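Q: Could you take a close look at one part of this model for me, the largest pocket, and tell me what lines it? After that, a word on one buried loop residue and on the cysteines would be great.

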Amino acid sequence: MAERNLPALIDHTVLRPEATKADVLRLCQEARTHGFTVIFVPPCYVDEAVAAVAGSAVRVGIPIGFPLGGHTTKAKVAEAVEAVSRGARILDMVINVSRLKSGDHDAVRQDIAAVVQATPAVEHKVILETCYLTQQEKLTACRLVVEAGAEYVKTSTGFGPAGATVDDVRLMTQAVAGRAKVKASGGIRDWATTRAMLEAGADRIGTSAGLAILAEWKAAQTA
């Protein structure tokens with residue numbers, strides 16, 4: 001199973017509002033030391049993060065339209081373009097949950113597509129914030145993400161009332177049917193949960209508990 005290279009499957013993240021520059025720089029060093037190949041930091045620290053991981057295999061990710069998704073498309077595109085111009089190589093954008101729940105599917109698709117088309121050289125994940133959606137809305141969101149050309153669907157921001165679930169990961173994996181990948185994120189804090197998400201079909205794990213998960217994983221390998 002791909003878990004044998006677990007660090008490479010984790011998006012090592014620090015996005016809490018009170019995180020400091022020191023926290024961001026520590027995250028960068030942890031990624032270089034432990035083999036995490038993707039980090040996510042607040043947009044205001046993109047310059048520091050890119051500089052801190054220069055010369056390594058670590059790619060810097062930036063959230064777009066975070067955490068609510070209700071930004072205008074023009075604002076999301078501007079965020080995305082600036083982040084990429086400063087060295088970000090992965091963008092996790094929040095879907096427009098309100099438009100989705102209003103049935104404005106063309107607007108949702110166009111919102112995602114505008115960001116994808118404005119930043120063609122980088123990877124895009126679209127956060128569905130599944131805790132707010134019905135089963136049908138989750139399926140519809142996955143279809144719209146694929147139609148808009150993004151590479152991943154993602155469960156959660158981690159700022160909603162609930163995060164990733166095994167059932168949602170399984171549903172999303174079935175819905176995209178290989179046309180996109182799946183990232184599980186939100187409330188994943190231990191190796192058992194991480195493994196369950198991977199077994200359900202997740203291709204990547206987003207978490208701020210990467211070091212703890214890695215320690216448990218290593219202990220399980222030697223048990």
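A: Here is a walk through the pocket, then the loop residue, then the cysteines.

Keep in mind that this is a predicted model. The largest pocket comes out at about 500 Å³ in volume. Its lining counts 26 residues, and Thr-13, Val-14, Leu-15, Thr-207 and Ser-208 sit closest to the centre. As for who supplies the wall, strand 1 (10-13), helix 1 (21-34), strand 7 (181-185), strand 8 (204-207) and helix 9 (210-222) each give two or more residues. Helix 1 chips in the most, with four. By character, the lining splits into eleven polar, eight nonpolar and seven charged residues.

Now the loop residue. Asn-96 sits in the loop that runs between strand 4 (90-94) and helix 4 (97-101). Asn-96 counts as buried because its relative accessible area is 10%, under the 20% cut-off. A polar atom of the Asn-96 side chain is 2.9 Å from the backbone nitrogen of Arg-99. Leaving aside residues up to four places away in sequence, Asn-96 touches Gly-69, Gly-70, His-71, Lys-76, Val-108 and Asp-111.

Last, the cysteines. Searching the whole structure turns up zero disulfides. For Cys-28, the nearest cysteine sulfur belongs to Cys-44 and is 12 Å away. Cys-28 is buried, at 0% relative accessible area. Cys-142 is also buried, at 1%, and its sulfur lies 15 Å from the closest cysteine sulfur, in Cys-131, so that pair is too far apart for a bond.

Conventions
Residues numbered from 1 in each chain as written. Predicted model: local features only at pLDDT ≥ 70, side-chain atom pairs only at ≥ 80, totals over all residues. Heavy atoms only, no water. Buried < 20%, exposed > 50% of the residue type's maximum accessible area, 1.4 Å probe, protein only. Polar contact = N/O pair within 3.5 Å; in protein donor to acceptor, adjacent residues only side chain to side chain. Contact = heavy atoms within 4.5 Å. 1 Å grid on protein atoms, 1.4 Å probe; cavity = no way out; pocket = protein on both sides within 12 Å on 5 of 7 lines; lining within 4 Å. Points joined across faces, edges and corners; volume = space filled by probe spheres on them. Nonpolar A, V, L, I, M, F, W, Y, C, P; charged D, E, K, R; others polar. Disulfide = S-S within 2.5 Å.
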